[in-house]
Amino acid sequence: MRKIILLSIAVLFSVTAFSQDQSNKGRDFWFAYPAHNAGTVSRLAIYLTSDVNTTGTVSFNGNTIPFTVTANQTTIVRVGNATIPSNASCYIGSNDFIEVNKGIRIQATQPVAAYAHILNSAVSGSTLLLPVNVLGREYVVATHVPQGGTAGVERCQFVVV
């Protein structure tokens, strides 16, 4: 009985030793600013937060925006006094073909959590950004035809950075 208990404890500890240490906090992120149903009047807000003070940059197509994050507060990355507009060189406004050099990169000196929010008036969409070190290599684009809809008419998109 003693051997069975010791074996059970050893198995329990060996299972927990293989757990993954992945988080949405990181120092290097890549993402995109895809077209939105609000068209060219939408804008992109990037929200950054951390449990420590840190600095870094948001870069896209030759542009660099520095940022400073104060611990336990949220920083919004802006171009001048406004969020990133749809006329910025990182906006993907096309349909059905590939655009290049539109990726947006966030680099921080200390780990941050990053969120992107495309907004306009009463229409918006947001996402939690994942750092490069936790990204995978295989993805599924899960879509469907809305009830009463016709295949090919719906708006569905995906972006690979």
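Which backbone oxygen does the side chain of Ser-50 reach? Keep this question in mind as we walk through the structure, which is a predicted model. The side chain of Ser-50 reaches the backbone oxygen of Pro-111, at 2.8 Å.

Let's look at where this serine sits. Ser-50 lies in the loop between β3 and β4. Its relative accessible area is 6%, and because buried means under 20%, Ser-50 counts as buried. Setting aside neighbours within four places in sequence, its contacts are Val-69, Thr-70, Ala-71, Asn-72, Gln-73, Pro-111 and Val-112.

Now step from the loop into strand β4, where you will find Thr-54. With a relative accessibility of 4%, Thr-54 is buried too. Try tracing its polar contacts in the model. The side chain of Thr-54 makes a polar contact of 2.8 Å with the side chain of Thr-109, and the side chain of Thr-54 also reaches the backbone nitrogen of Gln-110 at 2.9 Å. Not counting residues up to four places away in sequence, Thr-54 touches Phe-67, Thr-68, Val-69, Ala-108, Thr-109, Gln-110 and Val-112.

On the other side of the loop is β3, and here you can follow how strands pair. β3 runs antiparallel to β9, and 7 bridges join them; in β9, His-117 stands opposite Ala-45. β3 also pairs with strand β6 (residues 74-77) in the antiparallel sense, over 4 bridges, and there Thr-75 is the bridge partner of Leu-48. Strand β7 (residues 84-85) is antiparallel to β3 as well, joined to β3 by 2 bridges, with Ile-84 in β7 opposite Leu-44.

Two of those β3 residues lead us to the next stop, the nonpolar core. The largest nonpolar core has 25 residues, and those with the most contacts inside it are Leu-44, Ile-46, Leu-48, Val-58, Ile-84 and Ile-106. Which elements give two or more residues to this core? They are β1 (25-31), β3 (43-49), β4 (54-60), β5 (63-69) and β9 (104-120). Of these, β9 gives the most, with 7 residues.

To see the core from one residue's point of view, pick out Leu-48. Leaving aside neighbours within four places in sequence, Leu-48 is in contact with Phe-67, Val-69, Gln-73, Thr-74, Thr-75, Val-77, Ile-106, Val-112, Ala-113 and Ala-114. Some names should look familiar: Val-69 and Val-112 are among the contacts of Ser-50, and among those of Thr-54 as well.

Terms used. Residues are numbered from 1 along each chain as its sequence is written. This is a predicted model: local features need pLDDT of at least 70, side-chain atom pairs count only at pLDDT 80 or more; totals for chains, interfaces and linings use all residues. Side-chain values use heavy atoms; hydrogens and water are left out. A nonpolar core is a set of buried Ala, Val, Leu, Ile, Met, Phe, Trp, Tyr and Cys residues joined through side-chain atoms within 4.5 Å. Buried means under 20% relative accessible area, exposed over 50%, partly exposed in between (1.4 Å probe, protein chains only). Contact means heavy atoms within 4.5 Å. A polar contact is a pair of N or O atoms within 3.5 Å; within protein, one must be able to donate a hydrogen and the other to accept it, and residues adjacent in sequence count only if both atoms are side-chain atoms. Two strands pair if DSSP finds at least two bridges between them.
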